[in-house]
Amino acid sequence: MTILTRKDFEKIFYSKKKSREKEPIQELFRIADGYFKVIEKELDNLKPVVLFAGLGLTGALAYALAQILFEHKYDTTVVDIYSIYPPIKREIIKKYYGKTIRYNEFKNLKENPNAVNIDAMWGLEYIKGSEGYLDEIYALYNNHSGLKISLEGNSGLNINSGYTTEDYIVSDITISTYGSKVGFYINQGKDIIKKLVINLPIKE
């Protein structure tokens, strides 16, 4: 058995060949199942779960995790902050049967303090600027009174350097399938990573 590398992830996500579509989706759901096993331990009941999905690989994994949560009877909502989808993300969206809304709709809803917020916006893909209304989304997320979880790294944090953009996410738990990145322990990273859970996926 070997650990999945970043190149493995990228090959899975960016593949456009129809002959490979089934395998990448299976891989992403297997990774998301690892997230679920960590998250399930943190929840004492079937709380509502809100997942903030970005454009890239982390966003695709958000939909896979959302479907697993949905199948386990969690009240699941994906807040998709983008309307452009890479091929594999489109395929995963087809397999998700829970609720999806746009951020502009979500921000007008009354906050549910019992909900668990999951940051799956830019854990792996670092953005140098605030990218439009991301600062507003980050503020809404950070002000949430319930449990907050980031996938692969807090959005706004460079997981290699430990530096952040002007606006960034602060979560109670950060789950990483890439192992322990340097940026989690230095510069601003050491201050915004509160609890780190390493969950390495294994290739069968």
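In this predicted model, E27 and R30 form a salt bridge in which the closest N and O atoms are 2.7 Å apart. Because E27 and R30 stand 3 residues apart in helix 2, about one helical turn separates them. The two partners differ in their cover: E27 has a relative accessibility of 18% and counts as buried, whereas R30, with a relative accessible area of 25%, is partly exposed.

A search of the whole structure finds 5 salt bridges, and three of them are set out here.

| Salt bridge | Closest N to O distance |
|---|---|
| E27 and R30 | 2.7 Å |
| K195 and E42 | 3.1 Å |
| K107 and E136 | 3.4 Å |

What does the salt bridge between K195 and E42 tie together? K195 lies in the loop between helix 7 and strand 8 (196-198), while E42 belongs to helix 2, so this pair joins parts of the chain that are 153 residues apart in sequence. K195 is partly exposed, with a relative accessible area of 39%, and E42 is partly exposed as well, at 33%.

The side chains of K107 and E136 also meet in a salt bridge. K107 is placed in the loop between helix 5 and strand 5 and E136 in helix 6 (residues 134-142), so the pair ties together parts that are 29 residues apart in sequence. K107 counts as partly exposed at 34% relative accessibility, and E136 counts as partly exposed at 34%.

## Aromatic pairs

The structure holds 4 aromatic pairs. In one of them F36 and Y74 meet edge-to-face, with 6.3 Å from centre to centre and 80° between the planes. Since F36 lies in helix 2 (residues 22-42) and Y74 in the loop between helix 3 (57-71) and strand 3 (76-80), this pair ties together parts that are 38 residues apart in sequence. Both F36 and Y74 are buried.

F52 and F106 form another edge-to-face pair, with 5.4 Å between the centres and 90° between the planes. This pair links distant parts of the chain, for F52 is in strand 2 (residues 49-53) and F106 in helix 5 (residues 103-106), 54 residues apart. F52 counts as buried at 0% relative accessibility, and F106 is buried with a relative accessible area of 14%. Ring pairs join F52 and F106 with Y141 into a cluster.

## The chain and its cores

The protein chain has 7 helices and 9 strands, and buried residues make up 51% of its 204 residues. Of the contacts with a separation of 6 or more, 71% are accounted for by residues 24 or more positions apart.

Which elements give two or more residues to the largest nonpolar core? That core has 36 residues, and those with the most contacts inside it are Y35, L65 and I118. The contributing elements are helix 2, strand 2, helix 3, strand 5 (116-120), strand 6 and strand 7, and the largest share, 10 residues, comes from helix 3. When neighbours within four places in sequence are left aside, L65 is in contact with A32, Y35, F36, I39, L51, I118 and L151. Apart from this core lies another, of 15 residues, including V50, A115, W122 and Y138.

## Two positive phi values and a surface patch

Most residues other than glycine have a negative phi. K73, however, has a positive phi near 75°; K73 sits in the loop between helix 3 and strand 3 and is exposed, with a relative accessible area of 65%. E152 also has a positive phi near 75°, and its place is in the loop between strand 6 (148-151) and strand 7. Is E152 buried or exposed? With a relative accessible area of 1%, E152 is buried.

E152 appears again among the contacts of S176, which, with neighbours within four places in sequence left aside, also include F184, L196, V197, I198 and N199. S176 itself is in strand 7 and counts as buried at 1% relative accessibility.

On the outside, the accessible surface of the protein chain comes to about 10,100 Å², of which 51% belongs to carbon and sulfur atoms. V182, Y185 and I186 make a nonpolar surface patch of about 280 Å². V182 lies in the loop between strand 7 (173-176) and helix 7 (189-192), and at 52% relative accessibility V182 counts as exposed.

Key: Residues numbered from 1 in each chain as written. Predicted model: local features only at pLDDT ≥ 70, side-chain atom pairs only at ≥ 80, totals over all residues. Heavy atoms only, no water. Phe/Tyr/Trp six-rings, centres within 6.5 Å; stacked < 30°, edge-to-face > 60°. Helix = DSSP H or I, 4+ residues; strand = E, 2+ residues; numbered from the N terminus. Buried < 20%, exposed > 50% of the residue type's maximum accessible area, 1.4 Å probe, protein only. Contact = heavy atoms within 4.5 Å. Areas by Shrake-Rupley, 256 points an atom, 1.4 Å probe, with all protein chains shown as cover. Patch = residues over 30% accessible without salt bridge, like charges linked within 9 Å, V, L, I, M, F, W, Y side chains within 5 Å. Salt bridge = Lys/Arg side-chain N within 4 Å of Asp/Glu carboxyl O. Core = buried A, V, L, I, M, F, W, Y, C linked by side-chain atoms within 4.5 Å.
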